[in-house]
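I opened my notebook on this one and went looking at sheets, cores and what packs against what. Here is the model, and my entries follow.

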Amino acid sequence: MSLSLLFLSSKLFLCLCLTLFQHHVTFSASNPTGLTLRAVLDDSPNSPLYLIENMTIAERIERFIQVTNAKDNYLNLNARVGPDKSNSLSRVVMARDGLFYSVWLLIGSQGQEVKLLMDTGGGLTWTQCQPCLNCFPQNLPIYDSRASTTYSTLSCDHPLCQVEGSLYTCVDDLCIFVHNYHGGLYTTGVASLETFYFPMDPSTALTFHNLVFGCSRDSRNVVFQDTELSGIFGMNMMPDSLMSQLSSFTNFRFSYCLVPFPDLIPHTLVLRFGDDIPLLPPERVKTTMFVHAPYLYNYYVNLVTISFLNYRLGFPPSQFQLREDGLGGCFVDSGYLLTAIEDNYVGGVNAYDVLMDLFTAYYESNNLRRTTDPSGLDMCFERPNDFNNFANLTFHFDGEADYFVPPQHLHIFQQDHFCVAITRGRYATVLGAWQQQNKRMLYDVGLGRLQFADENCAND
């Protein structure tokens, strides 16, 4: 099947599933087109994954890079797979772990408390369920579907169970999902429907009925066991993600602004939806369109080229384009800590090697000496006390949307050395969270575009 036909068939599948979701998902308040979720990094004291007291800065960065590499493995696998509260805000505590944000919510008629790892690259939302065949240890009680009067299983006639090659299959009249992550995480269970409650304050919650989620009965090799976390909160563009299921309530729009990492402890992160997203100043906003392809549901954009120290590099037009095999391209993902540049040869050019050679030549011309860092980053230099002439980059996206990365967000600074905050992308280029600091990012999925603007995120 040609690429264009695959794209068409995937779009028809998406539209069909969304139509069904919007007919069945209901909401308990009026005018629910705005929603705000508050978040903290998992390195902050309010997070269930708080580890900062026992970790140096280098250890924290190394941990983030390890999680980023795990996500790169997972996405590499996915790339190859085919076929009257109108002014109220919802404040849900979340934690970011390089790969995930954790979201706190209540599910079921009993209002069972769950915390889920939020994944902007993930589709199906799932949590551990009783009765459980093989559950990993979690610190909160495991959700019991038998105790909820609002729980039901997804019919085998549902479109999600009708797509060949998907993660769903019908077994003994039950729609079963099986999720294998390349890094070893495995989960399987029953595709189900349930009521989700997003607390706004101690006495009020936004309520969504009949959301599709995974009731996991068997999970293995889970990196977040022995915490309060019990599953994953999916936010990509797949039809089973919560981003897609709640589209009629959020107008397919969400936004965040990441406070600089050194300032994260005293501040919270805010994930906004729909009408709660602030207007971006027209004189500063840049806009580029999403690039869509079949079976790829991340937020791809067309990266034209890159400038190093304001010198535009002559990469061939195909360097960062998405290829028919699902490899290549560039997408924006706050789940990656550091930006990754694809290190495969395209037209005889390796973009990662080109950039690293430029950093090497520039800093060695300033008489700086190479060094190593426990994080494992490739490009690190000793830092003289009087040196402040650090490099910058600009990502040139389609639509003349120039994305400037200043030196403080292009490097990681230690006491006596610094490192270039860029990693190898084994199959694609990814604009990561470190390079999104102090940027208002607006994912307008309905209009098929990404908008961004420089902003002081501490004021969000």
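I began at a turn: in the hairpin of strand 26 and strand 27, 3 residues sit between the strands, and Gly-399 there takes a positive phi near 90°. Strands here are DSSP runs of E of at least two residues, helices are runs of H or I of at least four, and both are numbered from the N terminus.

A note on the ground rules. This is a predicted model, in which local features need pLDDT of at least 70 and side-chain atom pairs count only at pLDDT 80 or more, while totals for chains, interfaces and linings use all residues. Residues are numbered from 1 along each chain as its sequence is written, and side-chain values use heavy atoms, with hydrogens and water left out.

Entry, overview. I found 5 helices and 33 strands in the protein. Of its 460 residues, 58% count as buried (under 20% relative accessible area with a 1.4 Å probe, protein chains only; exposed is over 50%, partly exposed in between).

Entry, the sheet around the hairpin. I traced an open antiparallel sheet of 4 strands in the order 19-18-26-27; strands count as paired if DSSP finds at least two bridges between them. Strand 19 (311–312) and strand 27 (401–405) are its edges, each pairing on one side only. Strand 26 (residues 393–397) runs antiparallel to strand 18 (residues 303–308) over 5 bridges, and to strand 27 over 5 bridges as well. For the register, I noted Ile-306 as bridge partner of Phe-395, Ser-307 opposite Thr-394, and Thr-394 opposite Phe-404 in strand 27.

Entry, strand 26 itself. Which way do its side chains point? Leu-393, Phe-395 and Phe-397 go one way, Thr-394 and His-396 the other, and all are buried. With 5 of its 5 residues buried, strand 26 is therefore largely enclosed by the rest of the structure.

Entry, a second sheet. Another open sheet of 4 strands, also paired antiparallel, has the order 24-25-29-28. Its edge strands are strand 24 (370–371) and strand 28 (411–413), each paired on one side only. Strand 28 and strand 29 (residues 417–420) run antiparallel, joined by 3 bridges, and Phe-413 has Phe-418 as its bridge partner.

Entry, helix 5. I checked what helix 5 touches in this second sheet: it lies across strand 24, strand 25 (380–382), strand 28 and strand 29, at about 5° to strand 25. Contact means heavy atoms within 4.5 Å; axes are lines fitted to C-alpha atoms, for helices over the stretch in contact, with angles from 0 to 180 degrees between N-to-C directions.

Entry, the core. Which residues touch the most other members of the largest nonpolar core? Among its 83 residues they are Phe-359, Tyr-363, Phe-395 and Phe-397. (Such a core is a set of buried Ala, Val, Leu, Ile, Met, Phe, Trp, Tyr and Cys residues joined through side-chain atoms within 4.5 Å.) Helix 5 gives the largest share, 7 residues. Domain 1 (46–66 + 77–249) and domain 2 (280–457) both contribute, so this core lies between them; the bounds come from an automatic or database domain assignment. Apart from it I found another core of 19 residues, including Phe-136 and Leu-154.

Entry, one last strand. Strand 13 (residues 229–234) has 6 of 6 residues buried, so it is largely enclosed by the rest of the structure. Strand 6 (residues 126–130) joins it antiparallel through 2 bridges, with Trp-126 opposite Ile-232.
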